Protein chains: 2
Amino acid sequence: MSKGKDSAGGSEATTPKAAVGRVSLYLRQLESLLKVGQETVSSTQLGAALDITDAQVRKDLAYFGQFGYPGIGYRVAELREALRGVLGTNRTWKVALIGVGNLGRALLGYRGFANRGFVIEALFDSDPRLVGQKVHGKEIHPLDALPTLVRERKLQLAVLAVPPESAQSVCDLVASARIEGILNFAPVQLKVPEDLCLVSVDMGLQFEQLAFQVSQRRAGGAQEPR
Amino acid sequence: MSKGKDSAGGSEATTPKAAVGRVSLYLRQLESLLKVGQETVSSTQLGAALDITDAQVRKDLAYFGQFGYPGIGYRVAELREALRGVLGTNRTWKVALIGVGNLGRALLGYRGFANRGFVIEALFDSDPRLVGQKVHGKEIHPLDALPTLVRERKLQLAVLAVPPESAQSVCDLVASARIEGILNFAPVQLKVPEDLCLVSVDMGLQFEQLAFQVSQRRAGGAQEPR
């Protein structure tokens, strides 16, 4: 659980995952600010929308560089570019989609990915009835073609949209194919080798947020901060 | 953006959204701790896994009650129950699923929802070819049946799995049908009346986290905290 890392007093050399999570949120906010033409922002303002203290904001951003100007705060456009660089979303990522069922097809049509540089380049499924079919103009390949296609097309990331039962075995295959990172939608904990990055998507989290808001509103404590 | 609320010095009466987001994460962690039989946990330990200071943890939890014991910390099982109460996930929510395309069908089969008390009770779609069909044993109703069915079946929440183009008009219909909260998967910003809760799911966020981890690993700064 809390092994090795303690943000209160630990080493500053490692980059904490949760700080990176907040970087995505800072980035969304900076994008909103740019849209309304705001040019500078303070750490207090950035923190307020996430309900984090200004000190935490400065600490989070300090992991990645010195972005602030005394008396000014952060320059919105500059910080946005810097954070895009930090997140690696200022470039294109080639993605393998594994599992072309309902979820896979939904993800294939999701516009939020390509917008941010995540381009699904190849489709894979273990079902022989699907292999050879085309979805959104892309052919579905058999799973065992993965290692070859990863090499040939220089695929870097894989999205796992497979049933929980087969997620680990597919994950093992992905690991052997020299993919660098997995985005896992199956509601299971996967074991990956140390050199493979893994992010799992828990779609239940947002439902909990909604339940909370509705509960609060019912209780009459409805005043949401934003 | 940062209107009205400043966590550094603002009013303590309102509950900050972001603190609630962290409650979900604390809850996941408490569940992991329970599985391994740990009975108590300190705010430092809870904070470390999220890379948040112990002070921030105590502040977050203090919004919802007094849970800590001096010299002991938090009792894991007790805090878990309390936080489930806070989030409203210790009860059952009746959910309308609107949009029975690929994403809707994927969500219908997603096990992480029912486990946490979110039960999809009725399906709706605007496509007349789908109306009357059954998916997972549940009939698909036309959109205009929504107000009646919300009333009859006491549906409380709606999941919007519709294309971005139609999301706002569906949202307006949901609002008029006295649904209390919307979980929106369409990548658009929706306008909702003040008394309707809205949470939007941004599936691009997790992709960014993965891109960051891979970028870090490539740069040789691979040491992830957990």
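Visitor: Through which surface do the copies meet, and what percentage of the interface residues of chain A are also interface residues in chain B?

Guide: Welcome! Keep in mind that this is a predicted model. The copies meet through the same surface, because the share of chain A's interface residues that are also interface residues in chain B is 100%.

Visitor: What kind of axis relates chain A to chain B?

Guide: Let's start from the general idea: two copies of a chain are related by a rotation about an axis and a shift along it. Here, a turn of 180 degrees with a shift of 0.0 Å along the axis lays chain A on chain B, with an RMSD of 0.0 Å. That makes the relation one of a two-fold axis.

Visitor: Which residue of chain A comes closest to the rotation axis?

Guide: Here we go by the C-alpha atoms of chain A. At 2.2 Å from the axis, the residue that comes closest is A:Asn102.

Visitor: How are the rings of A:Phe207 and B:Phe113 arranged?

Guide: Good one to look for on screen! Over all chains there are 10 aromatic pairs. In this one the ring centres are 4.8 Å apart and the planes stand at 85 degrees. The pair crosses between chains, joining helix α9 (residues 204-218) of chain A to helix α6 (residues 111-114) of chain B. Planes over 60 degrees apart count as edge-to-face, and the arrangement of A:Phe207 and B:Phe113 is indeed edge-to-face.

Visitor: And how are the rings of A:Phe207 and B:Phe118 arranged?

Guide: This pair also runs between chains, from helix α9 of chain A to strand β4 (residues 118-125) of chain B. A:Phe207 and B:Phe118 are both buried. Their centres lie 4.2 Å apart with the planes at 15 degrees, so the pair is stacked.

Visitor: Which ring does the charged end of B:Arg91 sit over?

Guide: Look for the charged end of the arginine and follow it to a ring centre 3.9 Å away. That ring belongs to B:Trp93.

Visitor: How many disulfides does the structure hold over all chains?

Guide: Take B:Cys197 as an example: the closest cysteine sulfur, in B:Cys171, is 12 Å away, which is too far for a bond. In chain A, A:Cys197 is in no disulfide either, with the sulfur of A:Cys171 nearest at 12 Å. Over all chains, the number of disulfides is 0.

Visitor: Is B:Cys197 buried or exposed?

Guide: Its relative accessible area is 3%. Since buried means under 20%, B:Cys197 counts as buried.

Visitor: Is B:Val131 buried, partly exposed or exposed?

Guide: B:Val131 is placed in the loop between β4 and β5 (134-135) of chain B. Beyond its neighbours within four places in sequence, B:Val131 touches B:Asp125, B:Ile140, B:His141 and B:Pro142. With a relative accessible area of 31%, B:Val131 is partly exposed.

Visitor: What is the mean pLDDT of chain A?

Guide: Some stretches deserve caution: pLDDT stays under 50 over residues 1-13 of chain A, and also over residues 222-226 of chain A. Still, 90% of the residues of chain A reach 70 or more. The mean pLDDT of chain A is 85.

Visitor: What ipTM does the predictor give the complex?

Guide: The predictor gives two scores for the complex, one of them a pTM of 0.75. The other, the ipTM you asked for, is 0.78.

Terms used. Residues numbered from 1 in each chain as written. Chains lettered and ligands numbered in written order. Predicted model: local features only at pLDDT ≥ 70, side-chain atom pairs only at ≥ 80, totals over all residues. Heavy atoms only, no water. Phe/Tyr/Trp six-rings, centres within 6.5 Å; stacked < 30°, edge-to-face > 60°. Helix = DSSP H or I, 4+ residues; strand = E, 2+ residues; numbered from the N terminus. Buried < 20%, exposed > 50% of the residue type's maximum accessible area, 1.4 Å probe, protein only. Lys NZ or Arg CZ within 6 Å of the ring centre and 35° of its normal. Disulfide = S-S within 2.5 Å. pLDDT = per-residue confidence, 0-100. Contact = heavy atoms within 4.5 Å. Least-squares fit on C-alpha atoms with pLDDT ≥ 70 in both.
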